[in-house]
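Please open the structure in your viewer and keep the selection panel at hand. The tour goes from the whole chain to single residues.

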Amino acid sequence: MKFTKTLIKGKLIKRYKRFFTDIEVNKEVVTAHCPNTGSMMGLLDFNNEVWISKNNDPKRKLKFTLEIIKTKNNLVGVNTHFANKIVGHALSNNLIKEFKGCTAIKAEAFFDKQTRFDFLIDKSRAKNFIEVKNVTLFRKNNISEFPDAPTSRGIKHLKALIDATNMGYKSNLLFLVQIQGMEKFKIAKDIDNEYYKNYILAKKAGVKFLAYRCKITPEEIKIEKKIKIIDE
């Protein structure tokens with residue numbers, strides 16, 4: 001996924017009220033929209049380098065959007081709205097080994113009246129649901145983690161994936177690691193042990209879990225390579 005406009009480099013001052021970030025750009029302070037409702041644990045240190053986009057739509061109250069943060073020498077894509085675009089691009093361009101040659105890619109596919117999954121694809125004459133989780137947390141070198149805060153919504157999706165598996169669908173959860181340099185992924189069970197328990201139940205039920213790392217630059221973000229999922 002390429003950025004349509006050149007990103008602007010700045011320094012993070014603070015995030016507040018969840019959706020607002022103050023950014024210093026050329027010795028001036030601008031307020032940018034923060035398109036990430038998570039805790040963003042470990043990303044919000046004062047003076048971190050950031051990249052923001054500008055939108056000149058007169059209907060927008062905030063002209064800038066936070067896109068990338070640099071922390072611990074790693075670039076992190078923080079715009080969760082881009083996660084499905086990145087995966088959609090990867091599916092269409094065969095960048096995910098497990099889904100190469102898939103057809104009939106449908107986004108925002110209903111499983112039942114209460115639940116939609118991010119994608120429904122045909123692969124080897126089988127219907128595959130794919131749920132995408134955006135990953136921005138890392139606390140140890142080269143190990144990414146999810147979630148960064150307790151997630152009842154995430155648990156709901158795990159249970160729905162189990163139900164879909166029991167109904168004959170192929171069910172998949174893709175952890176999209178928008179962090180440079182990561183080599184492994186794990187569930188942050190110290191942050192949400194209930195999510196971890198349901199993750200284990202889903203694995204036993206036949207839900208498939210994948211973790212793919214992104215290549216991140218101020219010009220584009222795209223899936224780069226599969227990384228190992230570890231259970232600790």
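What follows is a short walk through the chain, one selection at a time.

This is a predicted model, in which local features need pLDDT of at least 70 and side-chain atom pairs count only at pLDDT 80 or more, while totals for chains, interfaces and linings use all residues. Residues are numbered from 1 along each chain as its sequence is written, and side-chain values use heavy atoms, with hydrogens and water left out.

Begin by selecting the whole chain and showing it as a cartoon, where you can look for three helices and 16 strands (DSSP runs, H or I of at least four residues for helices and E of at least two for strands). The radius of gyration, taken over C-alpha atoms, is 18 Å, close to the 17 Å that the globule rule (2.2 Å times the number of residues to the power 0.38) gives for 232 residues, so the chain is as compact as a globular protein of that length. If you turn to the C-alpha trace, its extent along the principal axes is about 55 × 35 × 30 Å.

Next, colour the chain by accessibility: of its 232 residues, 50% count as buried, that is, under 20% relative accessible area with a 1.4 Å probe and protein chains only.

Now select Cys 34 and Cys 214. How many disulfides are there? With a disulfide defined as a pair of cysteine sulfur atoms within 2.5 Å, the count is zero. For Cys 34, the nearest cysteine sulfur is that of Cys 214, 18 Å away, and for Cys 214 it is that of Cys 102, 17 Å away. Cys 34 counts as buried because its relative accessibility is 0%, and Cys 214 counts as buried because its relative accessibility is 1%.
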